[in-house]
Amino acid sequence: MKVPRALILALATVGLTSCASGHGSLALSEEDRASILAEELTWLDAPSQPQTPKPAAPRPVEVAEAPKRPDPLDRRITLTAGGAPLNLLLSRLADQAGLRLVTEQEVTAGTPVSATFQRLTIREALGAVLTPLGLSSRVDGDALVVYAFDTRSWTISLPAVSLSEATSLTKSVNLGPRAEVAIKVPDVSTWTELEAAVKAIASRDGTVVLSPTLGLVTVRDRPDRLREIDRFLARSEAEAAQQVAVEIHAFEVTLEGSDGYGMDWSRVWDSLVGDASVSVAGAVTMPLTLPMGVSLSEPRGVRQFIRALSSQGKVKVLSQPSIRLLNGHPAIVQAGRVRAFVTEASQTVTGVTGASMSALKLGAVQDGVILPLTARIVQDEVILNVAPILSQVRDIRKVASGPASIEAPDVDRRSLQTTVRLRSGETVVLGGLFSSPDGDERLGFPIALKHVPIVGWLFGARKKSAVRTELVLTLTPTIVAPAVARRAS
């Protein structure tokens with residue numbers, strides 16, 4: 001309810017007049033009354049002043065999208081052709097799509113075609129006509145291109161490596177002929193295998209070009225064969241991208257005198273699980289499969305396994321590498337030293353003065369453990385192929401050849417090859433590779449005098465002692481999850 005402006009001013013004036021006529025501290029001066037009346041007038045005039053409207057926020061400008069051009073091959077047609085030439089039928093379909101027809105050289109235009117189309121799209125009609133003839137089509141601008149061969153390229157992440165592996169065993173018997181068993185895998189390149197597989201899928205008229213250095217596969221062939229090759233390469237790439245992490249431990253066990261026949265694995269198993277009579281796949285036989293509870297990935301498991309081996313003799317850790325392999329690709333682990341020797345020596349006399357020049361050619365031999373291995377993933381298991389080699393250089397003999405001399409190493413070499421199938425995280429143990437380094441031992445009495453030079457010959461004797469050691473290898477393959485493999489790469 002609005003109160004008249006004159007009435008409000010009259011009431012304010014009466015109130016101020018009464019205050020002015022009062023006594024004491026409540027009396028108002030003329031200046032105070034004028035100030036109060038001015039404030040009242042300002043308050044009364046404020047609502048009547050027009051309010052300045054705030055500017056409205058600008059509305060976003062909507063840009064209308066251009067209408068998409070309809071695909072000319074989505075138009076539906078009804079057409080019947082009985083023994084018509086291929087180029088005539090294709091021209092009719094191109095006209096219906098509003099395109100001009102372009103056929104490549106390999107397309108046989110006069111091939112008779114019979115077909116009936118009822119409310120099919122032009123794309124479906126082209127597929128029904130061209131697929132049985134091994135042809136394909138594409139829209140290139142305003143042209144319908146029909147072709148027999150196309151070119152595609154794929155990038156493959158296969159390393160350019162080769163695998164060469166050979167194992168042989170020769171045994172002579174007293175009665176009967178000499179027996180020899182040899183297993184050899186020739187040099188096999190992953191790219192050679194890939195090229196053979198792609199060429200087997202390609203047609204006789206197709207062309208396959210591989211570039212291992214760039215990791216590129218280029219094929220020119222018919223569209224249906226290209227689709228088959230694409231599926232094959234996608235599957236191969238997925239399989240090759242998987243990785244296996246392998247933890248390896250190499251131990252040397254110096255056998256005690258009573259263990260002349262090697263390790264007693266039933267005692268080792270009893271130290272691990274507490275009961276050697278437990279029937280477990282691979283238990284107390286070579287290769288030995290450790291229970292899943294004994295994890296050599298942890299220091300506690302390694303200590304537990306060393307304690308079990310210590311029941312057979314003194315244990316020495318030779319090496320404990322961890323490697324990661326691509327699925328189906330080889331790796332080599334070496335532990336030891338490489339010893340050089342002279343394989344060729346020549347002396348050349350030059351000039352009138354007879355100055356001579358000597359030239360040497362060196363060779364090398366491995367002294368220690370060599371472990372080639374390959375891991376392949378099959379579902380959730382790992383097929384591990386290993387061929388450990390124990391090489392021991394006994395001596396490097398000098399062989400005189402005229403004025404020069406060369407060197408010939410005397411090497412003891414022991415090897416084995418096996419293939420095992422393991423679950424991810426399971427450990428296999430390999431043993432049976434023995435070595436017998438020669439050593440000298442002083443015998444005699446009393447103990448102090450037998451070690452004194454010269455005098456020791458009177459109170460003691462020296463004899464050759466053969467220390468027998470056995471190489472024990474453990475391998476634990478683990479399938480690497482794809483996410484972990486991507487983070488590692």
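**Close-up 1. Helices α5 and α6 make a right-handed crossing.** This is a predicted model, and this view stays with one helix pair. The axes of α5 and α6 come within 9 Å, and the crossing angle is roughly 150°. Anything over 145° counts as roughly antiparallel, so that is the label α5 gets relative to α6. On the α5 side, the residues in contact are Leu194, Ala197, Val198 and Ile201, and they meet Arg225, Glu228, Ile229, Phe232 and Leu233 of α6. Sorted by class, this contact has 7 nonpolar residues, 2 charged ones and no polar ones.

**Close-up 2. Three strands line up as β6-β10-β9 in an open, antiparallel sheet.** Which strands sit at the edges here? They are β6 (150-155) and β9 (207-211), and each of them pairs on one side only. Neighbouring strands are turned by 10° against each other on average, ignoring direction. Follow β6 across to β10 (residues 216-221) and you'll find 6 bridges, with the two strands running antiparallel. For one specific pair to look up, take Thr151, whose bridge partner in β10 is Arg220. In general, strands of a sheet pair through backbone hydrogen bonds.

**Close-up 3. Helices α5 and α6 both lie across strands of the β6-β10-β9 sheet.** Helix α5 (residues 190-201) lies across β9 and β10, running at about 165° to β9. Helix α6 (residues 223-240) covers another pair of strands, β6 and β10, and runs at about 5° to β6. So β10 is a strand that α5 lies across and that α6 lies across too. Put this view beside the first one, where the α5 and α6 axes come within 9 Å.

**Close-up 4. Helices α3 and α4 cross in the left-handed sense.** Here α3 (residues 86-97) and α4 (residues 122-130) have axes that come within 11 Å and cross at roughly 170°. How are the two helices oriented, roughly parallel or roughly antiparallel? With that angle they are roughly antiparallel to each other. From α3, the contact uses Leu86, Leu89, Leu90, Leu93, Gln96 and Ala97; from α4, it uses Ile122, Ala125, Leu126, Val129 and Leu130. The tally for this contact is 10 nonpolar residues, 1 polar and no charged.

**Close-up 5. A second set of three strands, β2-β5-β4, forms an open sheet with mixed pairing.** The edges are β2 (100-103) and β4 (136-140); each has a single partner strand, so one side of each has no neighbour in the sheet. From one strand to the next the twist averages 25°. β4 pairs with β5 (residues 143-147) in the antiparallel sense, over 5 bridges. Within that pairing, Ser137 has Val146 in β5 as its bridge partner.

**Close-up 6. Helices α7 and α8 pack with their axes 8 Å apart.** The angle between α7 (residues 265-273) and α8 (residues 299-309) is about 140°, which makes α7 oblique to α8. The crossing of α7 and α8 is right-handed. Trp265, Val268, Ser271 and Leu272 of α7 make the contact with Gln304, Phe305, Ala308 and Leu309 of α8. By class, that comes to 6 nonpolar and 2 polar residues, with no charged ones.

**Close-up 7. Strands β16 and β17 form a hairpin with 2 residues between them.** Strand β16 (residues 355-378) pairs with β17 (residues 381-386) in the antiparallel sense, over 6 bridges. Look for Ile377, whose bridge partner in β17 is Val382. In the turn itself, Gln379 has a positive phi of about 60°.

**Close-up 8. Confidence varies along the chain, from strand β7 at the low end to β10 at the high end among its elements.** The chain has a mean pLDDT of 76, and 67% of its residues reach 70 or more. Which element has the lowest mean pLDDT? That is β7 (residues 162-171), at 44, while β10 has the highest, at 94. Over residues 165-186 pLDDT stays under 50, and the model has 25 contacts beyond four places in sequence for this stretch. Residues 276-284 also stay under 50, with 15 such contacts. Where pLDDT is low, the predicted coordinates shouldn't be read in detail.

Methods:
Residues are numbered from 1 along each chain as its sequence is written. This is a predicted model: local features need pLDDT of at least 70, side-chain atom pairs count only at pLDDT 80 or more; totals for chains, interfaces and linings use all residues. Side-chain values use heavy atoms; hydrogens and water are left out. Two strands pair if DSSP finds at least two bridges between them. Helices (H or I, at least four residues) and strands (E, at least two) are DSSP runs, numbered from the N terminus. Axes are lines fitted to C-alpha atoms, for helices over the stretch in contact, and angles run from 0 to 180 degrees between N-to-C directions. Contact means heavy atoms within 4.5 Å. Angles under 35 degrees count as roughly parallel, over 145 as roughly antiparallel, 65 to 115 as roughly perpendicular and the rest as oblique. A crossing is left-handed if the near helix is turned anticlockwise from the far one by less than a right angle, and right-handed if clockwise. Ala, Val, Leu, Ile, Met, Phe, Trp, Tyr, Cys and Pro count as nonpolar, Asp, Glu, Lys and Arg as charged, and the others, Gly among them, as polar. pLDDT is the predictor's confidence in each residue, from 0 to 100.
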